[in-house]
Amino acid sequence: MQRQGKAKTPRRPGHKKTSNTEKDPVGVYCRIRPLGADDEECCVEMISNTTIQLHPPDGLKANRNGDFKETQYSFKKVFGIQTTQKELFEDVAKPLIEDLIQCKNGLLFTYGVTGSGKTFTMTGSPGQGGLLPRSLDMLFNSISPYQAKRYVFKPDDKNGLEIQSQVDALLERQKRENMQSVPKTPVSRQKADPEFADMISPEQACKYDSVDEDSSYSVFVSYIEIYNNYIYDLLEDAPFDPIRPKTPQSKILREDQNHNMYVAGCVEVEVKSTEEAFEVFWKGQKKRRIANTQLNRESSRSHSVFIVKLAQAPLDADGDHILQDKNQVNVSQLCLVDLAGSERTSRTRAEGNRLREAGNINQSLMTLRTCIEVLRENQMCGTNKMVPYRDSKVTHLFKNYFDGEGKVRMIVCVNPKADDYDETMLVMRFAEMTQEVEVARPVDRAIYALPAGRRHRNQAFKEELSRRLEERGGPSNPDDPELMNQLIDSLPALPACELLDATDDQTLPRLVEVLERRHRIRQMMTKQFSKAAITLKSMLQDFDSNFSAKENFIHDQRGKLGEKDKVISSQKTELERLENKSKTLEYKIDILQKTTNIYEEDKRSLQQELETREQRLHRELSERKRMEQRMQGMVADTKHKWEKECERRVNAKQLEMQNQLWVKDEKLKQLKAIVTESSSGSAGGGPTERPDKPQRPSREKDRPATQKRSASPSPMPGDVFKTRGGGQAVQFTDIETLKQECPTASSSRKRRSGSGTDDQENRVPAASSSHVYQKRRKP
């Protein structure tokens, strides 16, 4: 028994990225599904084969006052409603199958809102096979002549493959066939499942012509789903218990020795044909969780991942058996992902389990958006933020692809009906952001260093040997046992070898003669075979030299073609860069134009405001001038009034002083009269007459001229009247009465109290004065 070898999933030599590492952006494609009815409103328009335009629905315009405008989004390619499944496969999935055969990994996933056609794009329907069945069909059409026998490659449950010898593989096959309790690997069916029977017509079959003929291939498939952020194996055969049915056991993610993520304990089935692979896929598809919602009759409630793993090992130097060297074995894989659609619970009216499923679906898609956003920020801004892959099983499983383990392709499925406008807008923004993320380009790896054409030379030798045998009249198959019988029959027949007499001297010489003749014939046949072998060897050497020369020529031509492809690729890259730069400049011009318009509007508004303020200022100045003139008039009037008031007060004061002098004079005169009367009374005893009382000075001249001329009655005390300046005044009147008795008269009355005569009291009226106080108030 030969030593077993182990194959590993391909991994780059290290995590450190060099500055000259070539990168490719994530390829984002868009597919528009037809409307369900002709009278439905459409919000998506295909402008070109790379651009679409979103129109806001009429209702949205009415509700939001027409603020929304048409927006355009660009993709690597846009597929309209007339696009067939074959055309989509030729542009998107076919390059990934070619890379898979060339030992490169790939990731293809569909993204969009619920009911946008993701499952139809990935799986298809009878007569319209999707990307998954077409990918399997192309893979088996390409490697079918070079497949290894079953169980030569064996999974090791650690994301690797073990290589077994032909004997071990045969024993494994017999063991699987004899043990009924062990689930068998599905064998090819005589009749395919009716649902997949007519998916791909023979005219639409395609293959990859640059398959390495000196290698043997084997295909393994696995099918998992991510439901409520738990991973379940759809190919796992759980024991059936009708009494106590068991729920499926969730799987966990692990990292192998090469830091690749894989699902631990996942069933990997080896398949040898497209029908076999369809059978395995349909087996898992029946277990996938789907449900009926308000927006989709068969809505996927989980993310499904169909993994195609291709094992490739070179042949030995003879070109007959697989080389038992684990370092010369390579494994590549392609993940076909059907993401569940994002949905709004307000529209689906989900409850219970459906609500929980929708929440987990939206959360996982939000984590995917976050990872893409952080990757984009790290690449564009040069930051080193941690990408939250572990927040969701979807992103954690495929983190190696975004780190540069293979090509990444995304198909954005769009439903053009107006009801999905808001969700479609979010999907477009995510797709636009995803296109800016770059993934390192996988490096080509040579898996062996043996001379090419080994399988072809081995087949040519067998065909030539069969031809030679046919020319001799023998069977074409050198391993056929009839060939040996015919060769023995062509030799001379042996004579009878029975000795009846001891003196018989003829039987033995005859037998010796026949044996010698057969020996000569055998030697002659050996010489002829040696000559034929030498001739065949020389022919094979000539053929090999010619084949090597042609191969070198083809290699040179391929090298030149590769250089031209690189030039074309660089030109395409430069063209894309210039297109992106042009788009960026157009976007900046648009922004500057909008900014200019805003500034012009601001300028016009400021000019209008300035003119308004100038007019207001002019009015205020004219009003101020009028106020100044009015105030000057009021000041003049007030000044004239106060001058008269002051003059009146001066006159009043003079009159008051005169009154005081008059009062004093009156007092002196009374005093003098009293003294004179007392002296005369004491002398003559008769009364004397009192001189006439002088007239009191009049205050008529003290009044203002206006009061003299005014016919209106004078204000009463406490009245409020208006002034000339527009204010208000209060009239106050104070009257003071002075009463005084002559001291001499009182003394004389005291002296004459006994005589019973009373002298009359002399009352002297005091000066009374009236003052007017004006209190100004603001109008």
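The exercises below, each with a worked solution, concern salt bridges, polar contacts, surface patches and backbone angles in a predicted model.

Residues are numbered from 1 along each chain as its sequence is written, and side-chain values use heavy atoms, with hydrogens and water left out. As the model is predicted, local features need pLDDT of at least 70 and side-chain atom pairs count only at pLDDT 80 or more, while totals for chains, interfaces and linings use all residues.

**Exercise 1. Salt bridges between distant parts of the chain**

Determine how many salt bridges a search of the whole structure finds, and describe the pair Asp 99 and Lys 407.

Solution. Step one is the general principle: side chains of opposite charge can pair when their charged atoms come close. A salt bridge is here a side-chain nitrogen of Lys or Arg within 4 Å of a carboxyl oxygen of Asp or Glu. By this criterion the whole structure holds 23 salt bridges.

Step two is the pair itself. Asp 99 and Lys 407 form a salt bridge with an N to O distance of 3.1 Å. This pair links distant parts of the chain, 308 residues apart: Asp 99 belongs to helix α3 (residues 94-101) and Lys 407 to strand β23 (residues 406-414). Helices (H or I, at least four residues) and strands (E, at least two) are DSSP runs, numbered from the N terminus.

Step three is accessibility. Buried means under 20% relative accessible area, exposed over 50%, and partly exposed in between, with a 1.4 Å probe and protein chains only. Asp 99 is buried because its relative accessible area is 11%, whereas Lys 407, at 25%, is partly exposed.

**Exercise 2. Two further salt bridges**

Locate the partners of the salt bridges Glu 236 with Lys 251 and Asp 403 with Lys 399.

Solution. The side chains of Glu 236 and Lys 251 meet at 3.3 Å, N to O. Glu 236 lies in the loop between β14 (230-233) and β15 (250-251), and Lys 251 lies in strand β15, 15 residues apart. Glu 236 is partly exposed at 29%, while Lys 251 is buried at 14%.

For Asp 403 and Lys 399 the N to O distance is 3.9 Å. Both residues are in helix α12 (residues 399-405), four residues apart, or about one turn of the helix. Asp 403 is partly exposed at 23%; Lys 399 is buried at 17%.

**Exercise 3. Polar contacts of buried side chains**

Which backbone oxygens lie close to a polar atom of the side chain of Ser 116, and which does the side chain of Gln 85 reach?

Solution. A polar contact is a pair of N or O atoms within 3.5 Å; within protein, one must be able to donate a hydrogen and the other to accept it, and residues adjacent in sequence count only if both atoms are side-chain atoms.

Ser 116 sits in the loop between β8 (105-112) and α4 (118-122), and it is buried, at 2%. A polar atom of the side chain of Ser 116 is 2.7 Å from the backbone oxygen of Val 113 and 3.5 Å from the backbone oxygen of Cys 413.

Gln 85 is in helix α2 (residues 85-91) and is also buried, at 5%. The side chain of Gln 85 reaches the backbone oxygen of Phe 120 at 3.1 Å.

**Exercise 4. Surface patches**

Identify which residues make the negative patch and which make the nonpolar patch of about 260 Å².

Solution. Patches are made of residues with over 30% relative accessible area and no salt bridge; like charges are joined within 9 Å, and nonpolar side chains (Val, Leu, Ile, Met, Phe, Trp, Tyr) within 5 Å. Accessible areas come from the Shrake-Rupley method with a 1.4 Å probe; for residues, only the protein chains shown count as cover.

The negative patch gathers Asp 38, Asp 39, Glu 40, Glu 41, Asp 58 and Asp 419. Asp 39 is in the loop between β3 (27-32) and β4 (44-46) and is exposed at 72%. The nonpolar patch consists of Leu 668, Leu 671 and Val 675. Leu 671 is part of helix α16 (residues 507-683) and is partly exposed at 35%.

**Exercise 5. Positive phi angles**

State the phi values of Cys 103 and Asn 159, and where these residues lie.

Solution. Cys 103, a residue other than glycine, has a positive phi near 65 degrees. Cys 103 is in the loop between α3 and β8 and is buried at 14%. Asn 159, likewise not a glycine, has a positive phi of about 65 degrees. Asn 159 lies in the loop between β11 (153-155) and β12 (160-163) and is buried at 10%.

Note on methods
Lys, Arg positive; Asp, Glu negative; His and termini not counted. Charge placed at Lys NZ, Arg CZ, Asp CG, Glu CD.
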